[in-house]
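I opened the notebook on this structure to look up strand pairing first and pockets after that. The entries follow in the order I made them.

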Amino acid sequence: MSVFSRLRNGIPPSRDDCQSPYERLSQRMLDISGDRGVLKDIIREGAGDPVTPDASVLVKYSGYLEHMDKPFDSNYFRKAPRLMKLGEDITLWGMELGLLSMRRGELARFLFKPTYAYGTLGCPPLIPPNATVLFEIELIDFLDSAESDKFCALSAALLLLHRRLAICEEQHLVEPAELLVLLNLSFVYLKLDRPAMALRYGEQALLIDQRNAKALFRCGQACLLLTEYEQARDFLVRAQKEQPYNHDINNELKKLSSHYRNYVDREKEMCHRMFAPCGGGSSVGGN
């Protein structure tokens, strides 16, 4: 029975009827700030270690005001969310505390009280004063402080090398440094679960040295993650040709073989279901 029906029938409202949706939600959430200013509800468990202080995070998020269905802020519609550094790029104190409690792959819902969100003034015209906000956050991956600094340094180094190459006639002096940066960027994007970008940088490395085993290996890893099995095999076989006794390359070929067998089995099963005769039907005109 709704609150209005209760009142019409002379029944006093229950305690739940007097609570707002966020108040009811907060009752089953975990207090991670110690003062119930940041509350958390895990939707999907993550794995590994929690986010480290000063890390850079790759997240998808949506922020909601109470009684509103559409988010006031979200990056779910962006093709590729950008890497954000804790303490610098994230402005909400509540989100920073929330992220420090998360693990890779985790999806969680948070309630941030005004002190941990937009404060007493809010953020006109979108956020009213003293607003409690709800955020759903998915932690895709994170880099610790050292890894994050390395990634930023690599990106800057690649830009400088390209500029240097444009004005320098001694290309043979610049290319070895550029090759190393491209290989490292490919590795970092594999770690961030961005195989398309990893493949892009790996292929750029191969333009400098088409027989480079590391570049071939990185491209093979990326293609395997993209389920481009024939391409993956081509890159990995070429890498194996350059380094026949490399355990990482040989193990990746074994992994590819296993993934490909599973893929073929699934395709066979699908075909079998599509073309299997229908059973249990009666013959037309049968008695």
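In which sense do β4 and strand β6 pair, and over how many bridges? I noted first that the model is predicted. I then found that β4 and β6, the latter spanning residues 84-85, pair in the antiparallel sense, over two bridges. For a position within this pairing I looked up V57, which stands opposite M84 in β6.

Next I went to strand β9, residues 133-143. It runs antiparallel to β4, and ten bridges join the two. I took L65 of β4 as one entry and recorded V133 as its bridge partner in β9.

I also checked strand β5, residues 73-74. Its pairing with β4 is antiparallel and has two bridges. Here G63 has D73 of β5 as its bridge partner.

Is β4 largely enclosed or left open by the rest of the structure? I looked up burial for residues 56-65, which make up β4, and nine of the ten are buried. I therefore wrote the strand down as largely enclosed by the rest of the structure.

Last, I turned to the largest pocket. I recorded its volume as about 260 Å³. Its lining has 16 residues, and those nearest the centre are Y61, D73, T91, L92 and Y118. I sorted the lining by class and got eleven nonpolar residues, four charged and one polar. I marked D73 twice, since this residue is the bridge partner of G63 and is also listed among those nearest the pocket centre.

Note on methods
Residues numbered from 1 in each chain as written. Predicted model: local features only at pLDDT ≥ 70, side-chain atom pairs only at ≥ 80, totals over all residues. Heavy atoms only, no water. Buried < 20%, exposed > 50% of the residue type's maximum accessible area, 1.4 Å probe, protein only. Helix = DSSP H or I, 4+ residues; strand = E, 2+ residues; numbered from the N terminus. Pairing = 2+ DSSP bridges. 1 Å grid on protein atoms, 1.4 Å probe; cavity = no way out; pocket = protein on both sides within 12 Å on 5 of 7 lines; lining within 4 Å. Points joined across faces, edges and corners; volume = space filled by probe spheres on them. Nonpolar A, V, L, I, M, F, W, Y, C, P; charged D, E, K, R; others polar.
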